[in-house]
Amino acid sequence: MDNEKTIDVLNSIVQINNDRIEGYVTASKETEEVDLKTLFAGFIDTSEQCKEDLEDEVGKLGGEPTESTRITGKFFRVWMDVKAALTGNDRKAILNSCEYGEKAAQDAYEGVLTDDLENLTAEQQTMLAAQKQLLQADHSKIISLRDALVESN
């Protein structure tokens, strides 16, 4: 197994978690709704823990954990949409933007767990699968809130 490739794969998931953290920090600052602030704080905590575990693994491999985000393409637009939705205080738009970001995070984990298995040990695969489950639970919360909002209209 090539350590450099493994480090790159793990750092790509660190970036996804950095995106989530940055996005939800922004969202938290922009909303006045206490329930959303609480929800976003929990999502930040989830990604902080995932990021810490990933950084530990990168360090064990002799690599340097990335501090960057993937502020290109989809994620940049998603979080800008969140900020725009929040400044307009449109709860449905906020939840739609969050759902889109959560879907992108799920896709990133799924891609690694499908396409990069040869670059991951069994323990790393287990760690990523468990993290994907945690993020899926957050994704489900967003979907439930959004769907409840739609049903009440």
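**An aromatic cluster and two nonpolar cores in a five-helix model**

Ring pairs link Tyr24, Phe40 and Phe43 into a cluster. The structure in which this cluster occurs is a predicted model, and the count of aromatic pairs comes to 2. In one of them, Tyr24 and Phe40 adopt a tilted arrangement, with 5.1 Å from centre to centre and 35° between the planes. This pair joins distant parts of the chain, since Tyr24 belongs to helix H1 (residues 3-30) and Phe40 to helix H2, with 16 residues separating them in sequence. Tyr24 has a relative accessibility of 0% and therefore counts as buried; Phe40 is likewise buried, with a relative accessible area of 0%. Tyr24 also pairs with Phe43, here in an edge-to-face geometry with 5.1 Å centre to centre and 70° between the planes. This pair too links distant parts of the chain, with Tyr24 in helix H1 and Phe43 in helix H2, 19 residues apart. Both Tyr24 and Phe43 are buried.

The overall architecture is helical. The protein contains 5 helices and 0 strands, and its elements follow the order α-α-α-α-α from the N terminus on. Of its 153 residues, 46% count as buried. Among contacts with a separation of 6 or more, 80% are made by residues 24 or more positions apart. The average pLDDT of the protein is 87, and 85% of the residues score at least 70. Confidence is highest in H2, at a mean of 96, and lowest in helix H3 (residues 73-87), at a mean of 61. Where pLDDT is low, the predicted coordinates should not be read in detail.

Helix H2 comprises 27 residues, for which a rise of 1.5 Å a residue gives an expected span of 39 Å; the end C-alpha atoms are 39 Å apart, so the two values agree. Following H2 is Gly62, which has a positive phi near 85°. Within H2 (residues 34-60) lies Thr46, which counts as buried because its relative accessibility is 14%, under the 20% limit. Beyond its neighbours within four places in sequence, Thr46 contacts Arg20, Leu134, Leu135 and Asp138.

The largest nonpolar core consists of 18 residues, and those with the most contacts inside it are Leu10, Ile13, Leu54, Tyr109, Val112, Leu120 and Leu128. At least two residues of this core come from each of H1, H2, helix H4 (91-115) and H5. The greatest contribution is that of H1, with 6 residues. Tyr109, one of the residues with the most contacts inside this core, touches Ile13, Asn17, Cys50, Leu54, Leu128, Gln131, Lys132 and Leu135 when residues up to four places away in sequence are not counted. A second, separate core of 13 residues includes Leu36, Phe40, Cys98 and Leu149. In soluble globular proteins, nonpolar side chains tend to be buried together.

Two cysteines were examined for burial. Cys50, which is in contact with Tyr109, is buried at a relative accessible area of 1%. Cys98, a member of the second core, counts as buried at 0% relative accessibility. A search of the whole structure finds 0 disulfides.

Helix H5 provides further examples of buried residues. Lys132 is found in this helix, which spans residues 122-152, and its relative accessible area of 17% places it among buried residues, because that value is under 20%. Leaving aside neighbours within four places in sequence, the contacts of Lys132 are Gln106, Tyr109, Glu110 and Leu113. The C-alpha atoms of Lys132 and Gln106 are 6.6 Å apart in space, although 26 residues separate the two in sequence. Arg146 also lies in helix H5 and counts as buried, with a relative accessibility of 18%. Apart from neighbours within four places in sequence, Arg146 is in contact with Leu95, Asn96 and Glu99.

Note on methods: Residues are numbered from 1 along each chain as its sequence is written. Side-chain values use heavy atoms; hydrogens and water are left out. Helices (H or I, at least four residues) and strands (E, at least two) are DSSP runs, numbered from the N terminus. Buried means under 20% relative accessible area, exposed over 50%, partly exposed in between (1.4 Å probe, protein chains only). Contact means heavy atoms within 4.5 Å. The expected span of a helix is 1.5 Å times one less than its number of residues. pLDDT is the predictor's confidence in each residue, from 0 to 100. Rings of Phe, Tyr and Trp (its six-membered ring) pair if their centres lie within 6.5 Å; planes under 30 degrees apart count as stacked, over 60 as edge-to-face and the rest as tilted. A disulfide is a pair of cysteine sulfur atoms within 2.5 Å. A nonpolar core is a set of buried Ala, Val, Leu, Ile, Met, Phe, Trp, Tyr and Cys residues joined through side-chain atoms within 4.5 Å.
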